[in-house]
Amino acid sequence: MKVFLKSEDLKKLLEQFAGAGKLFAPVKKGGYSGWARVSSIDEVVLSGAQAVLQGEEVNTRKPAKVFVFPQSEVMFEFDGERAVEVTEVPEVVVFGLRPCDGRAMAFLERFFVENKPEDPLVRERREKATLIGVACNSPAESCFCTAVGGGPHEGKGLDVLLREVNGGFVGEAVTEKGEKVLAGFPAPSKEAEVEAEKRRQEAEGKMALRIDLKRLKEVLDKGFNSPVWERLTLECVNCGACTFLCPTCHCFDITDETVRGKKKRSRVWDSCQFTLYSQHASGHNPRLNPAGRYRNRVMDKFKYTVDMVGELSCVGCGRCVRVCPAGIDIRVAVAEILEGV
Amino acid sequence: MDKVARLRERAKELLEKQEVVGVLGYRASSRPGISQVAFITRPEEVDRLIFDSACSQNLANYLLKVKDKGKVAVVARGCDSRSIVVLLQEKQIEREKVYILGVGCEGVVVQGEKSVACRSCRYPNPVIYDEMVGEEVHFEPETVEDEFDRLTPDEWWEVLSAEVARCIRCYACRQVCPNCYCPVCFVDASMPALVGKTHNVSDNIVFHIMRALHMAGRCVECGACHRACPMGIDLMRFNRQVAKIVRERFGLVAGAKPDEMPALTIFKPDDPQEFIR
Ligand code: SF4
Ligand code: SF4
Ligand code: SF4
Ligand code: SF4
């Protein structure tokens, strides 16, 4: 289903969601944009479709995964005899996520929900979220979704995809939920569709990187003990910046707390870059060397999740490239692996 | 000859004469505005070395990673050299195993502006070195207002809470700091756990206060942690205040004088604080 929304129509639509207190969208937070509940559409930092921050049109600092897999959430409370489920999952409308984050949502659904046993919290959060994505017309230098099988106008994992053209947006429903959102809007004109297509091609043309994913997988299949890891790793300080901000990174730790008499079990994001991540109860830690930790991250993105659930877990959002304090670029690492393993 | 050319020349000589096993410096990354750390071990690779305003990392941190390889040369500005001093004082490295290539520094530039830490820098030149590469640098440091002086404790709490609310506990700040080398960090202690693992403000503030306190008399205000933070948290607000207290109460500046012992390990008969005397 395809429709056309004039800019004012979109504003009105979003205002309805905002009025109901359900709308989350990118707002300006210091030097970057981040997710917040919005009450007025004017706070949203999409100038048309993209926010210009740091001289580049970049995606939100935190990925949209926070809506299905928050950094910390209470799984249940314990009343002394049994576990009591306490987390109430609210209905939310997320506006302004980009196709890479949409694709990451599809990955998380595949990983947590379709891959049995399912994770009930992720499933419920995804069910109660309506994801209205906006296609990218000007990808950032650090974006590379096309190199990992995605695209700047792709709708996978979203409910609605909006593609900005002159005067408004061509809207496409990706799911039934999306059809409900777009119900009642008129079909787009031929010109609008042609323009959207043209913008897609232009955007794709800006992303020059190509990765031979098949060969990369073959190389990684054999590359566990390769010297390339040591060479690549000196610079990496094994922080959690890249994993925490990656839209598909999904590892968590479980922690118990008693707060004012209430016993809670929570889960919190964990990172394969931390030594504690692989610490055994015996005290033994099989992955003490930093190279092994960096290797795990790359292997996970391009090999392990492919083996496990048949999907890459890098969607090319470029966040890790932008935030790494060591200046490490996963695109360069991949190129070196292809050359050197 | 410019600084970088001289640096490459000296790195080459040191490697060729096998005086060091490697040279720790900077190289360009794929991104504008941030460099990458380089550990050069072959004379033919020295041309990768650079030194400019994108050199964001504190190399003393990396010294800890390569110190077991043998004697290492390291490029050091004022702040890096002070971190080296702190590491020497704390017996983490041996002086004979480090060859310091001193460089004067105009400050790190982030998003077109001089990094917060560098604006008030009083030590652009190394305080300890084996040789200087290029000229010393001199500039007038800016005075950064100490906001905490005019705030009540309650207001402080508000300011700190708001600042750390965005923290995602990725520990990039800890990982890039040369002084954060504890084999088990207090946040990672699990039996018993010392700090809650969620990212709500109360857990975050405990982390930040403990981190700042662990830095007392040790933090050289290089700003590496501030620049590393992916959430833009101004860690210099904490560091500056802690350093100021150490300066006022102990009369000491971390790593500034190689032959002076650090604040928390010495007793001075002329301590500025009355109650200690
Ligand atoms: S690659 Fe960069 S962001 Fe990721 S762990 Fe290493 S230093 Fe941190
Ligand atoms: S690995 Fe990096 S570029 Fe790929 S999805 Fe994760 S954060 Fe984005
Ligand atoms: S680097 Fe920033 S976000 Fe990460 S733990 Fe430190 S203060 Fe928090
Ligand atoms: S705490 Fe920050 S400013 Fe202080 S020495 Fe460590 S990295 Fe540098």
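Let's begin at ligand 4, in a model that is predicted. The residues around this ligand all come from chain B: Cys177(B), Arg211(B), Met215(B), Cys219(B), Val220(B), Glu221(B), Cys222(B), Gly223(B), Ala224(B), Cys225(B) and Asn239(B). Sorted by class, this shell holds seven nonpolar, two polar and two charged residues.

Chain B also surrounds ligand 3. Of the 13 residues around ligand 3, those that come nearest are Cys167(B), Cys170(B), Tyr171(B), Cys173(B) and Cys229(B). Which helices supply at least two residues each to the shell around ligand 3? They are helix H6 (172–175) and helix H7 (201–214) of chain B. The class count for the ligand 3 shell is 11 nonpolar, one polar and one charged.

While you are looking at H6 and H7 of chain B, follow the loop between them until you reach Pro192(B). The peptide bond leading from Met191(B) into Pro192(B) is cis, and its omega is near 0 degrees.

Elsewhere in chain B, a pair of helices is worth a look. Two packed helices are described by the angle between their axes and the distance between the axes. For helix H2 (residues 59–66) and helix H3 (residues 78–89) of chain B, the axes come within 8 Å and cross at roughly 45 degrees. That angle is why H2(B) counts as oblique to H3(B). On the H2(B) side of the contact you will find Leu59(B), Ala60(B), Leu63(B) and Leu64(B), which meet Asp80(B), Ser83(B), Ile84(B) and Leu87(B) of H3(B). Six residues of this contact are nonpolar, one is polar and one is charged.

Now let's move to chain A and ligand 2. There are 13 residues around ligand 2, and Cys246(A), Cys314(A), Cys317(A), Gly318(A) and Cys320(A) come nearest. Two elements of chain A, helix H9 (290–309) and helix H10 (319–323), give two or more residues to this shell. Its makeup is eight nonpolar, two polar and three charged residues.

Helix H9(A) leads us on to another helix pair. Its axis and that of helix H2 (residues 99–114) of chain A come within 11 Å and cross at roughly 55 degrees. Because of that angle, H2(A) is oblique to H9(A). Is their crossing left-handed or right-handed? The crossing of H2(A) and H9(A) is left-handed. In the contact, Phe107(A), Arg110(A) and Phe111(A) of H2(A) meet Thr305(A), Met308(A) and Val309(A) of H9(A). Four of these contact residues are nonpolar, one is polar and one is charged.

Following the chain from H2(A) toward helix H3 (120–127) of chain A, you pass through a loop that contains Pro117(A). The peptide bond from Lys116(A) to Pro117(A) is cis, with omega near -5 degrees. Another loop to visit lies between helix H7 (228–233) and helix H8 (241–245) of chain A, where Asn238(A) is found. Asn238(A) is not a glycine, yet its phi is positive, near 55 degrees.

Chain A also has an open sheet of seven strands with mixed pairing, in the order S1-S11-S10-S9-S8-S2-S3. Strands S1 (2–6) and S3 (32–37) of chain A stand at the edges with a single partner strand each, so one side of each has no neighbour in the sheet. On average, neighbouring strands of this sheet are turned by 30 degrees against each other, direction ignored.

At one edge, S1(A) pairs with strand S11 (residues 168–173) of chain A in the antiparallel sense over five bridges. Here Val3(A) has Gly171(A) in S11(A) as its bridge partner. Helix H5 (residues 190–206) of chain A packs on the sheet and touches S1, S10 (160–165) and S11 of chain A, with a direction at about 95 degrees to that of S10(A).

At the other edge, strand S2 (residues 23–29) of chain A pairs with S3(A), antiparallel and over six bridges. Phe24(A) finds its bridge partner in Arg37(A) of S3(A). The two strands S2(A) and S3(A) form a hairpin with two residues between them, and Gly30(A) in the turn has a positive phi of about 60 degrees.

Our last stop is a four-stranded open sheet of chain A, with the order S7-S6-S13-S12 and antiparallel pairing. Its edge strands, S7 (83–84) and S12 (252–259) of chain A, each pair on one side only. Strand S6 (residues 72–78) of chain A runs antiparallel to S7(A), and two bridges join them. In this pairing, Glu77(A) stands opposite Val84(A) of S7(A).

Conventions:
Residues numbered from 1 in each chain as written. Chains lettered and ligands numbered in written order. Predicted model: local features only at pLDDT ≥ 70, side-chain atom pairs only at ≥ 80, totals over all residues. Heavy atoms only, no water. Pairing = 2+ DSSP bridges. Axes fitted to C-alpha atoms, helices over the stretch in contact; angles between N-to-C directions. Contact = heavy atoms within 4.5 Å. Near = heavy atom within 4 Å. Nonpolar A, V, L, I, M, F, W, Y, C, P; charged D, E, K, R; others polar. Parallel < 35°, antiparallel > 145°, perpendicular 65-115°, else oblique. Left-handed = near helix turned anticlockwise from the far one by under 90°.
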